[in-house]
Amino acid sequence: MNEPIGLYIMAAMYVFAGIVHFIKPKMYMRIMPRYIPNHKLMVYLSGAAEILLGIALCIPVLKAKAIYGIIAMLILFLSVHFYMVSGKKASAGLPKWLLIIRIPLQFGLMYWAWIYLN
């Protein structure tokens, strides 16, 4: 286990974020684009994915697959971020400048995962 601490921080971040999906699902359901069906199920599935991928990052034989899974998940989550910028109701009360900054942050998170591929 000679992995850099940043990998474990990232893993903990995804596990924590995934747990929050189960603790506060309504918070996530209200930011889901209308074209995505069954919001509650999708919130739980995305939470489960974040937890599983976060754990998988810490298992050497699963690390690369987890990284690719995280990148794919973050690409899918971009639709939510763009939706949140689209209007006042979709913004969940967050300021527009913050919502706009979150979009490039997604790419930063993808890069953060990518650097641990080896």
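**Helix α2, Ser46 and the largest pocket**

Met29 is located in helix α2 of this predicted model. Apart from neighbours within four places in sequence, Met29 is in contact with His39, Lys40 and Val43. The C-alpha atoms of Met29 and Tyr44 lie 9.8 Å from each other, and these two residues are 15 residues apart along the chain.

A second position examined was Ser46, which belongs to helix α3, spanning residues 39-57. The relative accessible area of Ser46 is 15%, and this residue is therefore classed as buried, the cut-off for that class being under 20%. When residues up to four places away in sequence are not counted, Ser46 touches His21 and Phe77. With His21 there is also a polar contact, formed between the two side chains at 3.4 Å.

The analysis then turned to open space in the model. Rolling a probe the size of a water molecule over the atoms reveals where empty space remains. The largest pocket has a volume of about 790 Å³. Its lining consists of 29 residues, of which His21, Tyr28, Glu50, Phe77 and His81 are the closest to the centre. Two or more lining residues are given by each of the helices α1 (5-23), α2 (25-29), α3, α4 (63-85) and α5 (96-114). Helix α4 supplies the largest share of this lining, with 8 residues. In terms of residue class, the lining of the largest pocket comprises 21 nonpolar, 5 polar and 3 charged residues. His21 and Phe77, both touched by Ser46, are thus named again among the residues closest to the pocket centre.

Key:
Residues are numbered from 1 along each chain as its sequence is written. This is a predicted model: local features need pLDDT of at least 70, side-chain atom pairs count only at pLDDT 80 or more; totals for chains, interfaces and linings use all residues. Side-chain values use heavy atoms; hydrogens and water are left out. Helices (H or I, at least four residues) and strands (E, at least two) are DSSP runs, numbered from the N terminus. Buried means under 20% relative accessible area, exposed over 50%, partly exposed in between (1.4 Å probe, protein chains only). A polar contact is a pair of N or O atoms within 3.5 Å; within protein, one must be able to donate a hydrogen and the other to accept it, and residues adjacent in sequence count only if both atoms are side-chain atoms. Contact means heavy atoms within 4.5 Å. On a 1 Å grid over the protein atoms alone, a cavity is a set of points where a 1.4 Å probe fits but cannot get out, and a pocket is an open set with protein on both sides within 12 Å along at least five of seven lines; lining residues have an atom within 4 Å of a point. Grid points are joined across faces, edges and corners, and a volume is the space filled by probe spheres set on the points. Ala, Val, Leu, Ile, Met, Phe, Trp, Tyr, Cys and Pro count as nonpolar, Asp, Glu, Lys and Arg as charged, and the others, Gly among them, as polar.
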